[in-house]
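Student: Could you take me through the salt bridges in this one, up close? I'd like to know where they sit and how the surroundings look.

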Amino acid sequence: MIPSGEYWSALRRHAALVVVDAPAADRSTAAVIVAPFMDATVLVVAADGADTRAPAAVRDAIEQAGGRCAGIVFNRARIEPPRFLRAILP
């Protein structure tokens, strides 16, 4: 990863929307490196993780690097419908 905006600026001239998928923050610093050149960053966090400190630390690192964290998506979340819906759902 090159911490330079030249590539991303050139790419903006050729694409209306670019989605960048970076490796997990516990395996790579790519997200923090490219964050300042993105319009926004959305973190994807495993829903089964009980400790919120690690995702919060990644969010803080992105913001300290000059990026903007637009939000967090919880992956693999299990949601049970309320009892009244379960009675009418197939």
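Tutor: Let's go through the pairs one by one, then step back to the surface and the overall form. Keep in mind that this is a predicted model. There are three salt bridges in it.

Start with Arg12 and Asp39, whose side chains meet with an N to O distance of 3.1 Å. Arg12 lies in helix 1, residues 6-12, while Asp39 is in the loop between helix 2 (30-34) and strand 1 (41-46), so this bridge ties together parts that are 27 residues apart in sequence. Neither end is buried: Arg12 counts as partly exposed because its relative accessibility is 45%, and Asp39, with a relative accessible area of 57%, counts as exposed.

Next comes Arg53 with Asp51, where the closest N and O atoms are 2.9 Å apart. Here the arginine is the exposed end, as Arg53 has a relative accessible area of 63%. Asp51 has 42% relative accessibility, so it falls in the partly exposed class.

The remaining pair is Asp60 and Arg59, with 3.0 Å from N to O between the side chains. Asp60 is partly exposed, at a relative accessible area of 32%. Arg59 is partly exposed too, and its relative accessibility is 32%. As a general point, side chains of opposite charge can pair when their charged atoms come close.

While you're on the surface, have a look at Arg78 as well. You'll find Arg78 in the loop between strand 2 (69-75) and helix 4 (83-86). With 82% relative accessibility, Arg78 counts as exposed, since the cut-off for that is over 50%. Check its position against Ala47, too: the two are 31 residues apart in sequence, yet their C-alpha atoms are 8.1 Å apart in space.

Not everything out there is charged. Val42, Val44 and Val73 make up a nonpolar patch on the surface, and together they have about 260 Å² of accessible area. Of these, Val73 sits in strand 2, and its relative accessible area of 42% makes it partly exposed.

Now zoom out to see what these side chains are attached to. The protein has four helices and two strands, and from the N terminus on the order is α-α-β-α-β-α. The C-alpha trace spans about 55 × 30 × 20 Å along its principal axes. Its radius of gyration is 17 Å, whereas a compact globule of 90 residues would come out near 12 Å. Burial is worth a glance here as well: 16% of the 90 residues count as buried.

The contacts add another angle. Take those between residues at least 6 apart in sequence, and 73% of them join residues at least 24 apart. As for the surface as a whole, the accessible area comes to about 7,200 Å², and carbon and sulfur atoms account for 57% of that.

So, back to your request: the salt bridges are Arg12 with Asp39, Arg53 with Asp51, and Asp60 with Arg59. If you're turning the model around on screen, begin at Arg12 in helix 1 and follow the pair over to Asp39 in its loop. After that, swing round to the exposed Arg78 and the valine patch of Val42, Val44 and Val73.

Notes:
Residues numbered from 1 in each chain as written. Predicted model: local features only at pLDDT ≥ 70, side-chain atom pairs only at ≥ 80, totals over all residues. Heavy atoms only, no water. Buried < 20%, exposed > 50% of the residue type's maximum accessible area, 1.4 Å probe, protein only. Salt bridge = Lys/Arg side-chain N within 4 Å of Asp/Glu carboxyl O. Patch = residues over 30% accessible without salt bridge, like charges linked within 9 Å, V, L, I, M, F, W, Y side chains within 5 Å. Areas by Shrake-Rupley, 256 points an atom, 1.4 Å probe, with all protein chains shown as cover. Rg over C-alpha atoms; globule rule 2.2 N^0.38 Å. Contact = heavy atoms within 4.5 Å.
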